[in-house]
Amino acid sequence: RETGQRDLSIRRYAVIPLSVESGLIEWVPYCDTIHLLIKDYRDREKILLNIEQRIMAQMAPDYQTLTLVQKIEVFQRALSETKGEDLARVFRVQSGSAESWLARRA
């Protein structure tokens, strides 16, 4: 099989369900969180970590009182005012070369 040739496997994790849509996953050692990756990137690039939240607060200071549809509109507008490429750029930087980046994607 191709998975065996590429030395791929599926790692299973213990999960404790908290609700229909959320749960706790076991601690995975030696891994960075997505939040940490983005935080480090934004720190290096001098981008505010909570820029999207600040935009939302400027547009809707009363955010907590908005309807769900209004909250979604504010959220989408805040996202449209930022590039949203942080994680992709982190992965490119961490890959070292275009070849290794492509190999990770394959």
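The paragraphs below lead through a predicted model, taking helix H2, its salt bridges, two loop residues and a surface patch in turn.

Helix H2 covers residues 34-45, and at 1.5 Å a residue its 12 residues should span 16 Å, which agrees with the 16 Å that separates its end C-alpha atoms. Within H2, the residues Leu 37, Tyr 41 and Arg 42 are buried, and they lie on the same side of H2 because the arc they cover around the axis is only 125 degrees. The general background is that an α-helix has 3.6 residues a turn, so residues three or four places apart point the same way. The buried residues of H2 pack against two other helices, namely H3 (51-59) and H5 (86-95).

Arg 42 also takes part in a charged contact, for it forms a salt bridge with Glu 52 in which the closest N and O atoms are 2.6 Å apart. This pair links distant parts of the chain, with Glu 52 in helix H3 and Arg 42 in helix H2, 10 residues apart. Both partners count as buried, since the relative accessibility of Arg 42 is 7% and that of Glu 52 is 18%, where buried means under 20%.

A search of the whole structure finds six salt bridges, and one of them joins the side chains of Arg 11 and Glu 26 at 3.7 Å, N to O. Here too the pair links distant parts of the chain, with Arg 11 in the loop between helix H1 (2-5) and strand E1, and Glu 26 in the loop between strand E2 and H2, 15 residues apart. Arg 11 counts as exposed at 52% relative accessibility, whereas Glu 26 is partly exposed at 30%. Another salt bridge is formed by Arg 89 with Glu 85, the closest N and O atoms being 2.6 Å apart. Salt bridges that share partners also join Arg 42, Glu 52 and Asp 86 into one network.

The backbone offers a further point of interest, given that most residues other than glycine have a negative phi. Tyr 30, in the loop between strand E2 (23-25) and H2, has a positive phi near 60 degrees, and Lys 46, in the loop between H2 and H3, likewise has a positive phi near 60 degrees. Tyr 30 is exposed, with a relative accessible area of 86%, and Lys 46 is exposed at 73%.

Finally, Tyr 13, Val 15 and Ile 25 make a nonpolar surface patch of about 280 Å². Of these residues, Val 15 is found in strand E1 (residues 15-17) and is exposed, with a relative accessible area of 53%.

How values were computed. Residues numbered from 1 in each chain as written. Predicted model: local features only at pLDDT ≥ 70, side-chain atom pairs only at ≥ 80, totals over all residues. Heavy atoms only, no water. Patch = residues over 30% accessible without salt bridge, like charges linked within 9 Å, V, L, I, M, F, W, Y side chains within 5 Å. Areas by Shrake-Rupley, 256 points an atom, 1.4 Å probe, with all protein chains shown as cover. Salt bridge = Lys/Arg side-chain N within 4 Å of Asp/Glu carboxyl O. Helix = DSSP H or I, 4+ residues; strand = E, 2+ residues; numbered from the N terminus. Buried < 20%, exposed > 50% of the residue type's maximum accessible area, 1.4 Å probe, protein only. Expected span 1.5 Å × (residues − 1). Arc of directions from axis to C-beta. Contact = heavy atoms within 4.5 Å.
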